[in-house]
Amino acid sequence: MKIVVLVKHVPDAQFDRHLNGEGNTTDRDESILSELDEYALEAALQLAEARGGSKAGNQVIALSMGPSGAVNAVKKSLQMGATEGVHLTDDALAGSDAAATSLALAAAIRHLGQVDLVITGMASTDGETSLVPAQLAERLGLPQVTFASSLEVAGGSLTARRDADTSSETVEAPLPAIVSVTDQINEPRYPNFKGIIAAKRKSIATLSLADIGVSPDQVGFAGSWTTVTSAEERPPRTAGTIITDEGDAGIKLVDFLAAQKLL
C-alpha cells in the first residue's frame, strides 16, 4: 500500500499563541507536530505493518506544508516510522486558508503519483476547522470518511467506524480514499532510539509550487476564500469573587449566580 499522511507543524499549546503582521498569520516560532496528526500517522503505520511493512513494499509518506520549520513535523514522523517525507514549502503559501491549503495539498498528492489512501487527523490543533479532509476529497475526486474511530482495509475497500454521542455507524468506501481519524482510534507510539537513528537515513523531498504546478496567485492571501480582518489580544483574566462564609455563604453564592444569570 501507498499511504500519504498529512502532518502539520502547529504552535505548541504550552505557550501563548500570537499573530504576526498585517495578515494576522500565526506565529510558529514555538511549534511541534500536531498531536492529532500523530493518531493519523499511527493508523497508517499499523496498516502498513499488518501487510509486512516497508520490506513488503508498503509506503507511509508524511506530507507537510509550511515554512522551513515545518520540516520538523516531517522529521518527527520519520522517527515514528514513516518511510519517507515530503515538505511542500514556498513563500507564496503564507496566509493560505483551508481552501488554499487543500488546493496545494491536492496538487502535492497528485505529484506523488497513485496513492491508495490519504489519512489525516480530525483537525489541526491551531485552526481546528476540520475542513481540509473534505475539501481534499472534492478536489481529488475521492470518497471520504471523516472522524473514523477505527479503520480496516481489506482488498480494495476500507471499513471505518464513526462514533456519535448515542450511536455508532460502520461505513465502507472503495480505495483510493481519504480518511480523517479521531484521537480514539489508537495510542500513538513514541519515537525510540532505533527509530530516531533510522530517520536520519530516510529521505525528505522538498517541493515548491512550481514543482506541483500551482500558481502563486492560487494560494496564500491571494488565493484564500477567507481573511482575518482584525485581531486583538485576549484581555487578562480578572480576579474572581471571594465569598467569606459567615453563616450565609450559601445565600451569597445563590445571589451571585443569579446576578450572573447562571440560575
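**Exercise 1. Find what Asn58 contacts beyond its neighbours within four places in sequence, and place this residue in the fold.**

Solution. Start with the contacts, defined as heavy atoms within 4.5 Å. Leaving aside neighbours within four places in sequence, Asn58 touches Met1, Ala48, Arg51, Gly52, Gly53 and Thr83. The model is predicted: local features need pLDDT of at least 70, and side-chain atom pairs count only at pLDDT 80 or more, while totals for chains, interfaces and linings use all residues. Numbering runs from 1 along each chain as its sequence is written, and side-chain values use heavy atoms, with hydrogens and water left out.

Next, the location. Asn58 sits in the loop between helix 1 and strand 6 (59-65). Helices (H or I, at least four residues) and strands (E, at least two) are DSSP runs, numbered from the N terminus.

Then the exposure. Asn58 has a relative accessible area of 5%, so it is buried. The classes are buried under 20% relative accessible area, exposed over 50%, and partly exposed in between (1.4 Å probe, protein chains only).

Last, the polar contacts. Such a contact is a pair of N or O atoms within 3.5 Å; within protein, one must be able to donate a hydrogen and the other to accept it, and residues adjacent in sequence count only if both atoms are side-chain atoms. A polar side-chain atom of Asn58 lies 2.7 Å from the backbone nitrogen of Met1. The Asn58 side chain also reaches the backbone oxygen of Gly53, at 2.9 Å.

**Exercise 2. Check the span of helix 3 (residues 98-111) and describe its ends and burial.**

Solution. Take the length first. The expected span is 1.5 Å times one less than the number of residues. For the 14 residues of helix 3 this gives 20 Å, and the end C-alpha atoms are 20 Å apart, so the two agree.

Now the ends. Asp97 caps the N-terminal end: a side-chain oxygen lies 3.2 Å from the backbone nitrogen of Ala99. After helix 3 comes Gly113, with a positive phi near 90 degrees.

Then burial. In helix 3, 12 of the 14 residues are buried, so the rest of the structure largely encloses this helix. Among the buried residues are Ala98, Ser102, Leu103, Ala106 and Ile109.

**Exercise 3. Which residues does Arg139 contact, leaving aside neighbours within four places in sequence?**

Solution. Arg139 belongs to helix 4 (residues 132-140). Its relative accessible area is 29%, so Arg139 is partly exposed. The contacts are Ala99, Ser102, Leu103, Ala106, Arg110 and Trp225. With Ser102, Arg139 forms a side-chain polar contact of 2.9 Å. Ala106 is 33 residues from Arg139 in sequence, yet their C-alpha atoms are 6.5 Å apart.

**Exercise 4. Which members of the largest nonpolar core touch the most other members?**

Solution. A nonpolar core is a set of buried Ala, Val, Leu, Ile, Met, Phe, Trp, Tyr and Cys residues joined through side-chain atoms within 4.5 Å. The largest has 35 residues, and Leu117, Ile119, Leu151 and Leu158 touch the most other members. Helix 1 (residues 35-50) gives the most to this core, 9 residues. Another core, of 30 residues, lies apart from it and includes Val4, Ala104, Leu209 and Val219.

Now follow one member outward. Not counting residues up to four places away in sequence, Leu158 touches residues including Leu117, Val145, Leu151, Val171, Leu175 and Val179.

**Exercise 5. Sort out the backbone geometry at Phe147, Pro176 and Lys261.**

Solution. Begin with the expectation: most residues other than glycine have a negative phi, and most peptide bonds are trans.

- Phe147 has a positive phi, near 55 degrees. This residue is in strand 9 (residues 144-148), and at 32% relative accessibility it is partly exposed.
- Lys261 has a positive phi of about 60 degrees. Lys261 lies in the segment after helix 8 and is exposed, with a relative accessible area of 74%.
- The peptide bond from Leu175 to Pro176 is cis, with omega near 0 degrees. Pro176 is in the loop between strand 12 (168-174) and strand 13 (177-181).
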